[in-house]
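Colleague: Could you take me closely through the sheet in this model, strand by strand, and through what lies against it?

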Amino acid sequence: MENFIKHKSLVEQIVQGMEKKILDGAFQPGERIIESAICESLGVSRSPVREAFRILESEGFITSEARKGISVALITTEEIKDIYLIRANIEALAVSLAVEKQNPAVLEKMKKLHEQMVRVAENNNIKAYFSANLKFHEALIGACENRRLIQLINTFVKQTMRYRLEVLSLPGWIDSSVEAHRAIIESFEAGDAEEAGLLRKNTILSHMERLLQNIKEREENQV
């Protein structure tokens, strides 16, 4: 049992480390990942690395093809549409469930985080805003108290993190985000679960549309 726990812990560390490298851009989309090089750099055997690769592939971070090996998953418009559409709907469900439960402690935490977001937004501190934004949604999603739904959402949040720099760079993003969060808080206070879920869904889908438009314009300028 002890060896199993150590193995599982090692696999989790490898997964987290690889996710960070992909999200930080150390591994670029389409870049080959050499199993032996990873093993050598980490000083581990092939077994935990291969298990970590299976998890990363299931989460959409890497792809494995016969005779081509393993590479970082490419960022395509179809992938963006698929991921954002799923995330929009499952987060809408979680938000609706959270509002139905009407936990006053959660509402108070959301209000404090929103106040913090407003302050840092005034200084255009994107890093601080993004951090508070994540905490806001962690509190809100966690309030749905559905463990499997939370796990599923976390997977898709990780995948959309790959596009966070694109989204954060969009003009007026912070201002629209502040208003979107204020609207969710108001729906929470009113106990309107349907409205809160719809607001979250529409916000995520609007991010998708603006991101796709930004990519399209960039590609057109490169022609």
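Modeller: Since this is a predicted model, I will begin with one pair of residues and work outwards: glutamate 65 stands opposite glycine 69 in β3. That pair belongs to the pairing of β2 with β3 (residues 69-72), two strands that run antiparallel and are joined by four bridges, and within it isoleucine 62 stands opposite valine 72 in β3. The two strands, β2 and β3, form a hairpin with three residues between them, and in that turn arginine 67 has a positive phi of about 70°.

On the other pairing, β1 and β3 are also antiparallel, here over two bridges, with isoleucine 33 having isoleucine 70 of β3 as its bridge partner. Taken together, the three strands form an open sheet in the order β1-β3-β2, with antiparallel pairing. The edges of this sheet are β1 (32-33) and β2 (62-65), each of which pairs on one side only.

As for what lies against the sheet, helix α3, covering residues 46-58, packs on it and touches β1, β2 and β3, while the direction of α3 makes about 110° with that of β2.

Key: Residues numbered from 1 in each chain as written. Predicted model: local features only at pLDDT ≥ 70, side-chain atom pairs only at ≥ 80, totals over all residues. Heavy atoms only, no water. Pairing = 2+ DSSP bridges. Contact = heavy atoms within 4.5 Å. Axes fitted to C-alpha atoms, helices over the stretch in contact; angles between N-to-C directions.
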